[in-house]
Each structure stands twice: as C-alpha cells, then as structure tokens.
Amino acid sequence: MGSDKMILVNLEGPAEALDEFTLQCSEYLHSPGEREGKKQDEKNPYSGLLAKIEKVAANSGIALERQNVRALTASEEEIRRFTDEFYDGFCDMQSRLQALEESVARCRDVVTQLRHLQGMGLRFENIFSTRFLKVRFGKLPVDSEEKLCYYQDHVFLFFPFLRGESYIWGAYFTTEEYESETDNIFAALFFERVWVPQDIRGTPREELEGAKARLQHESGEYDKLSESFRRLVEENRAKLIRLYSETKFLARSYDMRGMLAVYSGRFYVTGFVQKDEIKKMEKAAGLIEDVKLQMGKPTGSVKPAGHWPWRREVS
Amino acid sequence: MLDSMSSKAIFTKIKAMYGHRLREEDFEQLMHKSSVPACAAYLKSQTWYGEVLRDVQETQIHRGALEELLGRAVFEQYSRLVHYAGKGNRFYRYYLIKQEIGMIINAVRLIGNDDPNEFVSAVPGYLLGSVSFDVLSLAACKSFAEVLEVLRRTPYYKVLSELQSGDGGPASLPLVEHALYDHYYKTVLAMIDQQFRGKTAEELREMFCTKAELISVTSLFRLKRSFADSPLQLHEMVLRYKGRLPGRLMEQIVNAQDAAEVLDILAHSAYSRYFDKDNFVYIEYSAGSIRYNLAKKYLTFSQNTTTAFVAFMVLQEIEIENLINIIEGVRYKQDISQMRALLIRGGV
C-alpha cells in the first residue's frame with residue numbers, strides 16, 4: 001500500500017450515526033499502520049469467520065452482497081454453527097454430485113465405446129476371463145494408424161472396429177509380459193483409452209441396451225441430486241447473505257477502534273483513504289446526516305489517533 | 001507458370017484463409033486458460049481449428065495429439081492450395097522438403113536414444129504419405145550410417161554422406177543441420193531461378209534468403225552464448241545466401257567474442273529495430289518478428305500468387321509456433337507475462 005496513493009481524512013458526526021457510518025464508510029478507511037504496510041498487531045477475531053463465509057458462498061455459487069445492518073440477528077456462535085452446518089451439508093452433496101458426474105461420464109464413454117465396437121463379435125466375458133491376455137479399448141487418431149506398421153514385430157494386435165474421420169475405434173491385445181511396452185507404444189500414438197466395466201459380459205450389441213439404461217439411471221440420479229443441491233442453496237441464500245453482512249459489520253467495527261473516538265455525543269475518525277477511492281468515500285459519507293469530512297492535515301478539532309486525551313469507546 | 005484463372009482462385013483462397021487467422025484476443029483468451037483441455041475446447045469452439053478438432057473429446061486429449069492436429073490443420077490448408085495450383089507448379093514442394101529435413105534432423109538428434117517411440121510420436125502422421133523416404137525406419141536407426149542407408153535413394157544421401165566420419169558417425173549435429181539447410185536453400189533458390197522471373201523471383205528470393213540469414217544469425221548467437229570456445233569452425237556454420245546483412249558484417253558476427261557482441265553488431269545493422277539491447281527478449285523472438293513482418297508485408301501488398309502463398313505459409317507456421325508455446329505455457333503453469341513475451345506478433 002503505497003503512501004503516495006493515500007490521503008489523510010478526518011471525519012466527525014453524531015454518535016448515534018456511528019453504526020451507519022461504520023456500515024457505509026469503514027471499507028474505505030485504513031489505519032496509519034496499514035498505510036505503511038505494517039501488519040496489524042491484533043488479528044481481527046472475525047476475519048476467520050468472514051473467510052469461511054466467503055469460501056462457502058464461492059463454492060455454493062452465492063453472490064455475496066452488502067446489506068444494511070440495523071441490528072444483529074445472531075450471535076457469533078450461531079453464525080459459526082450455521083456456516084459450518086451449511087458448509088458440511090453442501091460439501092457432502094457436492095462430493096456425491098461429483099461422484100455421480102464421473103459415473104455419468106463413464107457410462108457415456110461405455111455407451112459410445114459399445115456403439116463403436118458393434119463390429120466385434122466377441123463376448124466381453126471371454127476377453128476379460130483370459131488369464132494371460134491384456135486388452136485395452138479406446139480410439140486411435142487416424143494420423144497414427146500408418147505408424148502402427150513400424151511396430152509390426154512387436155507383441156500386440158490392434159483390432160479396428162469402426163473407422164471415423166478422425167479416429168479409429170478398436171482394441172489392442174497383448175500379453176502380460178509386454179503390457180507395459182505396448183501401453184508405452186500406444187501412448188506415443190496418442191491412443192485414448194476408454195474404460196469398459198468388468199461387469200459387462202455379453203457382446204457389444206447385447207450390452208448396449210443395458211449400458212444405455214445405466215446411463216439413463218445415473219443421469220436421473222444426477223439430476224435429482226442437482227435439484228436437491230439447488231434447493232439447499234436457495235433455502236440458505238438469504239440467511240448466508242444476511243449473516244455475512246452482520247459479520248462484516250462486526251469486523252469493520254473492530255478494525256475502526258484504533259481510528260475512532262466518541263466524545264460529547266460526537267464521533268471522530270482519523271484515517272487514510274486510497275486516492276482513487278476518495279470520491280466514493282465522500283459520496284458514502286454524504287449520505288449520512290451531519291457527518292463532516294475534511295481532507296489533508298488533521299485539524300485542531302480532530303487530533304491524530306494515539307494522541308487523544310479522551311477515553312476510546314468501542315462501538 | 002500458373003494460368004491467370006487458377007492464380008486468381010488461389011489468391012482469393014489465401015486471403016480467405018488468412019482472414020480466419022487467430023487474433024490478439026484469441027491468444028489472450030488461450031493464455032488465461034487453466035489447462036490444455038480448456039485450450040482445446042476454446043480452439044475447437046471459437047477458431048478455424050474447430051474443423052480439425054471436431055471429433056476430439058477435449059477432456060481426454062493429449063498435448064502431443066493436440067499439437068499434431070494443429071499441424072494437420074495447416075497441412076490441410078497447404079494441400080488445398082496446392083490442389084488449386086494443379087500439378088504444374090513443382091515449386092510448392094518446397095514446403096514438403098522442409099518438413100522432410102526437420103524429420104531427418106530429429107532422427108539424427110535421437111540416434112542412440114533407447115526409446116524409438118519418441119521419434120515415432122514426433123513424426124506428423126499426416127505427412128507419411130507425402131514424404132520421399134520411409135520416415136518410420138529412421139526410428140530404429142542406431143547409427144548415422146543406418147540413417148544414411150534409409151536415405152540412400154534421396155538427394156539427402158549425397159549431402160549427408162560427406163559428413164560421415166571414419167567411425168561411421170556424423171561430424172556433429174550442428175553440421176548436419178547446416179548441410180541440410182544449405183541443401184534446402186540451394187534447391188529452393190534453383191527452383192525459383194527456373195520457374196520465376198522479375199519481381200516474383202525477387203520477392204521469393206528475399207523471403208527465403210532472409211530466413212537463411214536468420215538461421216545463421218540464430219545459430220551463431222546460440223553457439224557464442226553456450227560455448228565460448230566452440231570447437232566448430234564457425235565459418236562453416238554460415239548459410240551464404242545474401243539477405244540484408246553485408247558479408248563483412250556476417251564475418252564480424254562469426255568473429256565476435258561472445259553473444260553480447262553479436263547483439264551489439266546486430267543492433268547497428270539493417271535489423272537494428274529488432275535487436276535493441278534494452279528491449280531484447282530472446283533471439284528466436286527477434287528472428288520470428290522479422291519473418292512475421294516480412295511475410296505480412298508481402299501477403300498484404302504483393303500481387304503475385306506464389307509470393308502470397310509462401311508468405312501465408314510463413315504466417316501459419318508462426319501461428320502454430322505461438323499456439324504450441326501457449327499450450328506448453330498453460331501445461332506447465334507458466335506466468336502469463338512470460339507467455340506473452342514468447343508470442344511472435346511482429347511487434348519490436
């Protein structure tokens with residue numbers, strides 16, 4: 001935070017407008033320590049909670065907005081409990097959603113693979129039950145097909161089942177002994193593997209309908225859980241935003257202690273504002289009745305923080 | 001020579017293809033992607049590469065496969081343009097000769113490598129039907145003599161056999177590169193002399209000779225930077241084709257003490273605006289910028305189809321270089337400012 005970009009401001013106003021002032025203006029104010037880039041000695045006790053709410057909001061897709069706080073509706077403990085419960089709830093749902101999403105993608109791949117393997121008359125159970133053979137299903141870029149002839153002396157067989165414009169769908173077979181070598185060869189040829197579940201037993205033609213049904217089932221489950229997830233977020237959106245505003249208010253109030261004094265029914269604040277935010281600050285302060293703002297050096301009526309003779313009061 | 005009808009058709013086709021080139025904002029978008037699949041998805045949905053990437057599943061694609069497909073896209077453009085030109089113009093084969101030379105250099109570089117898959121993987125599959133020798137046989141070569149055997153029936157055999165040392169190996173990789181590039185430029189300039197006259201020949205000569213000169217400058221700069229006391233005869237590393245640097249300046253570069261002196265000489269040459277010592281990024285960037293600006297100038301102003309063809313292919317190659325740099329940058333989580341610095345856009 002470069003000091004050349006900061007302007008010293010002095011503000012004063014009626015003590016009863018202090019909460020409103022804190023709400024509207026505190027985000028622009030920086031203490032002399034912050035201005036010099038020093039870390040605050042005391043950690044704001046609300047910063048951890050705020051960070052957690054922000055994380056919860058970001059993960060659940062809730063856009064946080066600042067609301068006016070007229071009164072605190074929950075204690076710090078209640079805010080913490082709500083945030084934890086909401087976070088745990090949607091984390092659990094999110095991980096189930098992710099697992100389902102992966103399952104849907106796998107099922108979709110299997111359906112695609114089975115469609116492309118219709119030319120294979122073999123039963124999968126016969127292939128999977130072989131003791132010494134290793135098989136990989138997937139697709140080979142057409143540009144790599146001609147390169148296969150370089151490996152004609154190697155111990156593998158590639159069976160193309162369907163030829164597209166860009167890929168050849170098929171499978172390669174090798175023995176356990178040459179498994180690693182063959183996998184390296186096909187990796188160099190940019191073969192994209194598709195995993196076929198071991199519980200598929202019949203021919204691709206026989207298994208396709210079953211795979212489609214599994215895909216439909218998994219997609220349905222995913223849709224249902226997505227809807228529950230959406231409802232959970234909607235039901236908690238307003239409360240999270242309100243509690244965020246209240247926590248923000250508490251955090252700002254805490255931060256302002258070092259810049260604030262209250263005396264004879266008036267509050268006095270001295271702090272620094274970034275040069276490019278000064279107009280916003282002026283506008284925000286102007287919305288509150290009887291709040292005066294001075295820029296530049298501290299005046300006689302408002303002394304710099306740390307040298308005031310009167311007792312500081314925390315709002 | 002081309003007849004005027006096909007000439008006009010190719011010219012229009014080139015301009016249309018160039019109109020689909022990637023813009024500044026495309027490169028910016030790509031640099032901000034978090035993964036190779038995200039880059040692939042953008043190229044597939046937002047750029048002219050979508051045609052060649054249409055069947056690609058972005059989430060699964062391997063970086064090498066993606067780069068090969070981008071190369072294929074440019075090769076398809078080349079093939080389409082050559083198809084328009086018909087079989088009457090042998091000059092366009094220059095592009096394939098360059099690809100062949102690239103593969104031979106890679107094969108020599110990988111002699112003795114235990115993993116032949118590395119070479120096979122790097123060979124663009126789409127070129128296999130167009131090259132004049134059995135490229136894949138190069139993967140199995142364990143010695144320079146075996147490489148020569150594969151190339152026996154090609155013009156490269158004579159060029160490289162002169163470099164074979166007593167023990168059957170090559171003198172060195174830089175000398176192999178030099179000999180092959182020298183052969184390439186001799187062949188291309190001879191084709192230009194045979195097939196073109198006047199302004200066309202002049203424009204083509206300028207583009208190819210400038211590239212040859214930049215190859216020499218880049219090689220010398222790299223050697224001076226990496227090996228102060230290089231055992232190589234640096235005079236032998238220069239491609240003697242007249243570009244923009246007078247002969248005496250090239251001699252000064254050859255005799256320079258180090259890379260800094262090379263830079264100083266270039267900063268006072270016809271390429272001075274590309275070699276400002278205060279803003280120098282790296283030698284390949286400067287050389288790329290010169291090629292980019294020259295090609296762009298000819299594509300914009302030349303009225304000749306062959307000049308426009310060569311200029312267009314240079315710009316397409318640079319676009320691919322830029323894309324590969326970005327994809328690798330994204331893959332290795334490089335800083336965006338670093339990726340931006342590597343981007344060749346003709347600025348200096």
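The following exercises, each with a worked solution, concern a predicted model of two protein chains, A and B.

**Exercise 1. The two chains compared**

Task: Determine how many helices and strands chain A has and how many chain B has, and describe the burial and contacts of each chain.

Solution.
Step 1. Begin with secondary structure. Chain A has nine helices and nine strands, whereas chain B has 16 helices and zero strands.
Step 2. Turn to burial. In chain A, 43% of the 315 residues count as buried; in chain B, buried residues make up 53% of 348.
Step 3. Consider the accessible surface. For chain A the area is about 17,400 Å², with 49% belonging to carbon and sulfur atoms. For chain B the area is about 15,900 Å², with 51% on carbon and sulfur atoms.
Step 4. Examine contacts with a sequence separation of 6 or more. Residues 24 or more positions apart account for 83% of these contacts in chain A and for 65% of them in chain B.

**Exercise 2. Two salt bridges within chain A**

Task: Establish which elements are linked by the salt bridge between A:K52 and A:D84 and by the one between A:E192 and A:K139, and decide whether the residues are buried or partly exposed.

Solution.
Step 1. The side chains of A:K52 and A:D84 form a salt bridge with an N to O distance of 2.8 Å. This pair links distant parts of the chain, since A:K52 belongs to helix α3 (residues 47–60) and A:D84 to helix α4 (residues 76–116), 32 residues apart.
Step 2. Assign the exposure of this pair. The relative accessible area of A:K52 is 31%, so A:K52 is partly exposed. A:D84 has 29% relative accessibility and therefore also counts as partly exposed, because the partly exposed class lies between 20% and 50%.
Step 3. In the salt bridge between A:E192 and A:K139, the closest N and O atoms are 3.6 Å apart. Here A:E192 lies in strand β6 (residues 192–193) and A:K139 in strand β3 (residues 133–141), and the two are 53 residues apart.
Step 4. Both A:E192 and A:K139 are buried, whereas A:K52 and A:D84 are partly exposed.

**Exercise 3. The interface between chains A and B**

Task: Describe the area buried between chain A and chain B, the residues on the side of chain A that touches chain B, and the polar links across the interface.

Solution.
Step 1. Start with the extent of the interface. In it, 18 residues of chain A are in contact with 23 residues of chain B. The two chains bury about 1,800 Å² between them, 48% of it on carbon and sulfur atoms. A:D143, A:Y150 and A:F190 supply 36% of the area that chain A buries against chain B, more than any other three residues.
Step 2. Count the polar links. Nine residue pairs are in polar contact across the interface, both residues being at pLDDT 80 or more. Helix α7 (179–188) and strand β6 of chain A each supply at least two residues of the side that touches chain B. Helix α7 of chain A gives the most to that side, with three residues. The residues of this side divide into eight nonpolar, two polar and eight charged.
Step 3. Identify the salt bridges. Between chain A and chain B the count is three. One of the salt bridges is formed by B:E68 and A:K147, with the closest N and O atoms 3.7 Å apart. A:D143 and B:R72 form a salt bridge in which the closest N and O atoms are 2.3 Å apart. Because A:D143 lies in helix α6 (residues 142–145) of chain A and B:R72 in helix α5 (residues 63–85) of chain B, this pair joins two chains.
Step 4. Place A:D143 in its setting. A:D143 has 7% relative accessibility and therefore counts as buried. A network of salt bridges links A:D143, B:E51, B:R72, B:E76 and B:R80.

**Exercise 4. The surroundings of B:L315**

Task: State where B:L315 lies, whether B:L315 is buried or exposed, and which residues B:L315 is in contact with beyond its neighbours within four places in sequence.

Solution.
Step 1. B:L315 lies in helix α15 (residues 305–331) of chain B.
Step 2. The relative accessible area of B:L315 is 5%, so B:L315 is buried.
Step 3. Leaving aside neighbours within four places in sequence, B:L315 is in contact with B:Y18, B:Y292, B:A295, B:K296 and B:L299.
Step 4. B:L315 and B:R21 are 294 residues apart in sequence, and their C-alpha atoms are 9.1 Å apart in space.

Conventions
Residues are numbered from 1 along each chain as its sequence is written. Chains are lettered from A and ligands numbered from 1 in the order in which they are written. This is a predicted model: local features need pLDDT of at least 70, side-chain atom pairs count only at pLDDT 80 or more; totals for chains, interfaces and linings use all residues. Side-chain values use heavy atoms; hydrogens and water are left out. A salt bridge is a side-chain nitrogen of Lys or Arg within 4 Å of a carboxyl oxygen of Asp or Glu. Helices (H or I, at least four residues) and strands (E, at least two) are DSSP runs, numbered from the N terminus. Buried means under 20% relative accessible area, exposed over 50%, partly exposed in between (1.4 Å probe, protein chains only). Contact means heavy atoms within 4.5 Å. Accessible areas come from the Shrake-Rupley method with a 1.4 Å probe; for residues, only the protein chains shown count as cover. Buried area is the accessible area (1.4 Å probe) that two parts lose on being put together, summed over both. A polar contact is a pair of N or O atoms within 3.5 Å; within protein, one must be able to donate a hydrogen and the other to accept it, and residues adjacent in sequence count only if both atoms are side-chain atoms. Ala, Val, Leu, Ile, Met, Phe, Trp, Tyr, Cys and Pro count as nonpolar, Asp, Glu, Lys and Arg as charged, and the others, Gly among them, as polar.
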